[in-house]
Structures are given as structure tokens and as C-alpha cells.
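Please look at the sequence and the structure shown below, and keep both in view while reading the paragraphs that follow.

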Amino acid sequence: MIIGEYQMMERIGGGGSSKVYRGFHMESSKEVCIKEMDISLRDFWTEAYLLRKLDHPSIPKAIDLIGRRDRVYLIMSMLQGESPLKCKLDVQSLNQIMFDMAEVLDFLHNQKPSIFHGDFKPSNMLIGSRNYLLDFGLSKEEGSKFFSNIYSCGTPKYRDPSIKKGNLKFDRKSDIYSWGVTYGELLSRNGISPSKRLSNLLDRATSLDRKIRFSNFKQIISEGRRLF
Ligand SMILES: Nc1ncnc2c1ncn2[C@@H]1O[C@H](COP(=O)(O)OP(=O)(O)O)[C@@H](O)[C@H]1O
Ligand SMILES: [Mg+2]
């Protein structure tokens with residue numbers, strides 16, 4: 001199928017509300033990633049806007065946004081990597097990956113206004129020679145009024161339990177919670193038992209008591225430097 005200036009090739013991912021394809025720009029032959037979204041299911045607009053605005057080597061770049069009937073096609077840079085759920089990771093690589101992700105989330109939180117990812121989890125990461133953070137489909141800028149569908153969309157396991165129905169706002173502590181749950185999950189999937197100090201750090205990241213939970217990734221990163 002041809003979408004604007006792009007040829008769509010095989011499907012490489014996506015689930016409920018999107019399908020992701022490999023593709024290329026027909027004139028330049030440059031490879032791209034095409035995310036097809038149903039406009040009734042997704043806030044594609046914020047995702048495209050944020051990817052357009054953000055400039056970080058670990059975040060995909062938005063190249064184009066093409067509408068067609070009830071679908072919209074987000075054209076992005078094609079990133080090389082694997083899902084962390086498909087890899088066997090040793091302790092060093094896993095720690096590196098998770099602290100790379102902490103750096104990217106810290107970068108988002110330090111934008112003005114702050115950006116909260118809102119859906120951090122293993123399937124929204126790609127790992128390889130560089131580690132990437134994907135999927136800004138639930139991300140929001142601080143102060144944005146549009147928090148309507150977060151509760152129903154986020155994956156319950158990784159969602160900050162203090163985000164309740166009727167109070168749908170999430171913040172930097174919600175991303176910290178999701179990061180901590182993801183870290184714990186990847187440790188156990190790979191049969192790695194964390195050191196006492198890492199285990200304490202993860203307990204503080206995922207604490208249900210928001211006063212105990214870390215307030216920002218800077219604190220986590222500086223504790224991490226002392227651990228490894
Ligand atoms: N820019 C990209 N480059 C390479 N692969 C990508 C890219 N964006 C998404 N993918 C692949 O597609 C999958 C689904 O993308 P994602 O943005 O998470 O969609 P969804 O919102 O449906 O979860 C990812 O897990 C990844 O494998
Ligand atoms: Mg996703």
C-alpha cells in the first residue's frame with residue numbers, strides 16, 4: 001500500500017489501537033516506520049506533536065502525519081533493536097538499559113512544560129546498540145487538560161495505583177512507578193536477584209506511599225551511580 005510518499009511493507013508490531021509497519025520513502029529509498037492508528041481509538045495528535053518536538057537520540061523522530069478516512073499514519077524514523085521481552089539479559093546489560101531509560105524519562109520530565117510518558121513498560125522499549133523509548137500514545141504535557149482516556153488505556157500492572165478513576169492525572173511519580181515495576185519484572189524474567197541496595201531503590205521507586213517514592217529521576221540516577 002502507498003501512503004503519501006511512502007510505500008508500506010510488512011507489519012512489525014502494534015496491538016489494540018495501532019499497527020506498525022516497516023516502510024520506505026519512495027523517492028529517497030530511506031527506510032521509515034509507519035504507525036497506523038484508528039482515529040477514534042487514539043490521541044494520535046499529541047503523540048505526533050510530542051515526537052515532532054522532542055529531540056533525543058533515544059526517542060524516534062516524527063517525519064510526517066498522513067490522514068486517510070478514519071486512519072492516520074504517523075511516519076517515524078526506523079529504529080533498530082529488540083523488545084527486552086525477547087532477549088536474555090545479563091545483570092550489567094539490564095542495569096545499563098534501565099538507567100538509560102531513567103535518563104530518557106528524566107529528559108522528558110525536564111522539558112518545559114514537563115512531559116510524562118504515561119505508559120512506560122517493556123513493550124515500549126527497544127534495546128540494542130542503543131536503547132530506545134517508544135510509544136508516546138498516552139503521554140501528556142504537564143497542565144494539559146486532556147486526561148480523558150488514560151485510566152482505561154494504560155496497562156494496569158505498570159500503572160501507578162494512585163491514579164484512580166475520577167483522578168486521572170499522572171505525573172513524574174507515575175513514570176517512576178512504571179519504571180520500577182518494569183525493572184523488577186525484567187530482573188525476574190532474566191533470573192537475576194538484585195543486590196540489597198538495588199532492591200531498596202526499587203522498593204522506593206514503587207512505593208505505594210507517594211511520600212516515600214522518589215520525586216524525580218535525578219535522585220534515582222545519582223543513587224544508581226553509587227550502586228554500579
Ligand atoms: N520507530 C520505530 N522503529 C522501530 N520499531 C518500532 C518503532 N515504533 C514502534 N515500533 C515497533 O512497534 C511496536 C509497537 O509500537 P508502539 O508505538 O508501542 O504501538 P502501540 O501504541 O500499539 O503499543 C513496538 O513494540 C516496536 O516493536
Ligand atoms: Mg506500545
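**A walk through the model**

Arg69 is exposed, because just 6 other C-beta atoms lie within 10 Å of its own, and a residue counts as exposed when that number is 12 or fewer. This residue belongs to a model that is predicted, and its place in the chain is the loop between β5 and β6. Its backbone deserves a look as well, since Arg69 has a positive phi of about 50° although it is not a glycine.

The strands on either side of that loop lead us to the sheet. Strands of a sheet pair through backbone hydrogen bonds, and the pairing can be either parallel or antiparallel. Here six strands form an open sheet in the order β1-β2-β3-β4-β6-β5, and their pairing is antiparallel. Because β1 (2-3) and β5 (62-68) each have a single partner strand, they stand at the edges, and one side of each is left without a neighbour in the sheet. Helix α1, made of residues 44-53, packs on this sheet and touches β4, β5 and β6, while its direction makes about 20° with that of β6.

Within the sheet, two hairpins can be followed residue by residue. Strand β2 (residues 6-13) pairs with strand β3 (residues 18-25) in the antiparallel sense over five bridges; Gln7 has Phe24 of β3 as its bridge partner, and Met8 has Gly23 of β3. Four residues lie between the strands of this hairpin, where Gly14 takes a positive phi near 100°. Strand β3 is also joined to strand β4 (residues 31-38), again running antiparallel, by seven bridges, and there the bridge partner of Tyr21 is Ile34 in β4. This second hairpin has five residues between its strands, and Ser29 takes a positive phi near 65° in it.

Stepping back to the whole protein, the domain assignment gives domain 1 (2-77) and domain 2 (84-227). The C-alpha centres of the two domains lie 24 Å apart, and the contact between them takes 11 residues from domain 1 and 13 residues from domain 2. On the side of domain 1 that touches domain 2 there are five nonpolar, three polar and three charged residues.

Where does ligand 1 lie with respect to these domains? Both domain 1 and domain 2 give residues to the shell around ligand 1, so the ligand lies between them. The shell consists of 21 residues, of which the closest are Gly13, Ser18, Val20, Leu79 and Asp135. Sorted by class, these surroundings hold nine nonpolar, 10 polar and two charged residues, and β2, β3, β4 and β6 (71-77) each supply at least two residues of the shell.

One of those closest residues, Asp135, is found in the loop between β9 (132-133) and β10 (140-141). Is Asp135 buried or exposed? With 21 other C-beta atoms within 10 Å, Asp135 is buried, because the cut-off for that is 20 or more. Asp135 also has a positive phi of about 65° although it is not a glycine.

Two further places complete the tour. The peptide bond from Lys112 to Pro113 is cis, with omega near -5°, and Pro113 sits in the loop between α2 (91-109) and β7 (115-116). Ser188, in helix α4 (residues 172-189), is exposed, with 11 other C-beta atoms within 10 Å; Ser188 and Ile163 are 25 residues apart in sequence and, from C-alpha to C-alpha, 25 Å apart in space.

Methods: Residues numbered from 1 in each chain as written. Chains lettered and ligands numbered in written order. Predicted model: local features only at pLDDT ≥ 70, side-chain atom pairs only at ≥ 80, totals over all residues. Pairing = 2+ DSSP bridges. Near = placed C-beta within 6 Å. Nonpolar A, V, L, I, M, F, W, Y, C, P; charged D, E, K, R; others polar. Domains from an automatic or database assignment. Contact = placed C-beta atoms within 7 Å. Axes fitted to C-alpha atoms, helices over the stretch in contact; angles between N-to-C directions.
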